[in-house]
Amino acid sequence: FDATEIQRYRAKLKALEGDWAGITLGDMILFAVSRTLRKYPSLNANMLEEHSIRRFKHVNLGVAVDTERGLMVPTIFRADEKSLLQISREVKELAAACRSGKISPDLLSGGTFTVSNLGAENVEVFTPVINPPQTGILGICNIIHRPRPGKDGGTRLYPAMGISLTYDHR
């Protein structure tokens, strides 16, 4: 997607002092996903059996975190009720706990949907793998400049962020 506006908003936040300056593009995407999933209950769900889906009222957002011990997916519980600043703080705390090995096992389960962000790794495209029994996962890629037609008939570059959604088609 065209990342112009999200980058512009990130620049405004970065100019502020305190915790607001530390809000990342990833934090903003987690916030947006937590709001968007309420409109798509079949993605904020668990596949219990072949023809049985459990939909959730709240979004318990799993966030993929790379650690020395491998990938861990802590959960931001009730992310749909949290502010952007709360999500930003919590994801940083969860990632630090994962990397230090001090994460509570209770925080590594209960996710209703997961986001995996490989943008910092300069990955342009990937297909994330669903965490069963969840029905979906969103993959976030880095931002690259891509050409598109300009208003003058020429081409211009714009910041494009790759995203990929993997979902259980059932």
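How exposed or buried is Tyr-9? Tyr-9 is partly exposed, with a relative accessible area of 38%, where buried means under 20% relative accessible area, exposed over 50%, and partly exposed in between (1.4 Å probe, protein chains only).

The close-up views below show a predicted model, in which local features need pLDDT of at least 70, side-chain atom pairs count only at pLDDT 80 or more, and totals for chains, interfaces and linings use all residues. Residues are numbered from 1 along each chain as its sequence is written, and side-chain values use heavy atoms, with hydrogens and water left out.

**View A. A nonpolar surface patch includes Tyr-9.** Tyr-9, which lies in helix α1, forms this patch on the surface with Leu-16 and Trp-20, and about 290 Å² of accessible area belongs to the three together. Patches are made of residues with over 30% relative accessible area and no salt bridge, like charges being joined within 9 Å and nonpolar side chains (Val, Leu, Ile, Met, Phe, Trp, Tyr) within 5 Å. Accessible areas come from the Shrake-Rupley method with a 1.4 Å probe, and for residues only the protein chains shown count as cover. Helices (H or I, at least four residues) and strands (E, at least two) are DSSP runs, numbered from the N terminus.

**View B. The largest pocket holds about 710 Å³ of space.** The residues closest to its centre, out of the 28 that line this pocket, are Ala-64, Arg-99, Asn-117, Leu-118 and Ala-120. Two or more lining residues are given by each of α2 (25–36), β4 (65–67), α3 (84–100), β7 (113–117) and β8 (136–149), and the largest share, 5 residues, comes from α2. Sorted by class, the lining has 16 nonpolar, 7 polar and 5 charged residues; here Ala, Val, Leu, Ile, Met, Phe, Trp, Tyr, Cys and Pro count as nonpolar, Asp, Glu, Lys and Arg as charged, and the others, Gly among them, as polar. Rolling a probe the size of a water molecule over the atoms shows where empty space is left. On a 1 Å grid over the protein atoms alone, a pocket is an open set of points where a 1.4 Å probe fits, with protein on both sides within 12 Å along at least five of seven lines, and lining residues have an atom within 4 Å of a point. Grid points are joined across faces, edges and corners, and a volume is the space filled by probe spheres set on the points.

**View C. A salt bridge joins Arg-89 to Asp-19.** The structure holds 6 salt bridges, each defined as a side-chain nitrogen of Lys or Arg within 4 Å of a carboxyl oxygen of Asp or Glu. Side chains of opposite charge can pair when their charged atoms come close. In the pair shown, the closest N and O atoms of Arg-89 and Asp-19 are 2.6 Å apart. This pair links distant parts of the chain, with Arg-89 in helix α3 and Asp-19 in the loop between α1 (4–14) and α2, 70 residues apart. Arg-89 is partly exposed at a relative accessible area of 40%, and Asp-19 is likewise partly exposed at 40%.

**View D. Arg-78 combines a salt bridge with a positive phi.** Arg-78 lies in the loop between β6 (75–76) and α3, and its phi is near 55°, a positive value in a residue other than glycine. Its salt-bridge partner is Glu-81, the closest N and O atoms being 2.9 Å apart. Arg-78 counts as partly exposed at 40% relative accessibility, and Glu-81 also counts as partly exposed, at 47%.

**View E. Lys-82 and Glu-90 meet through their side chains in a salt bridge.** The N to O distance in this pair is 2.5 Å, and Lys-82 counts as buried, at 19% relative accessibility.

**View F. The loop between β7 and β8 contains Asn-122 and Pro-133.** Asn-122 has a positive phi of about 60° although it is not a glycine, and at 60% relative accessibility Asn-122 counts as exposed. Elsewhere in the view, a cis peptide bond joins Pro-132 and Pro-133, with omega of about 10°.

**View G. Phe-113 is buried in strand β7.** Its relative accessible area is 2%. Phe-113 and Arg-35 are 78 residues apart in sequence and 12 Å apart in space, C-alpha to C-alpha.
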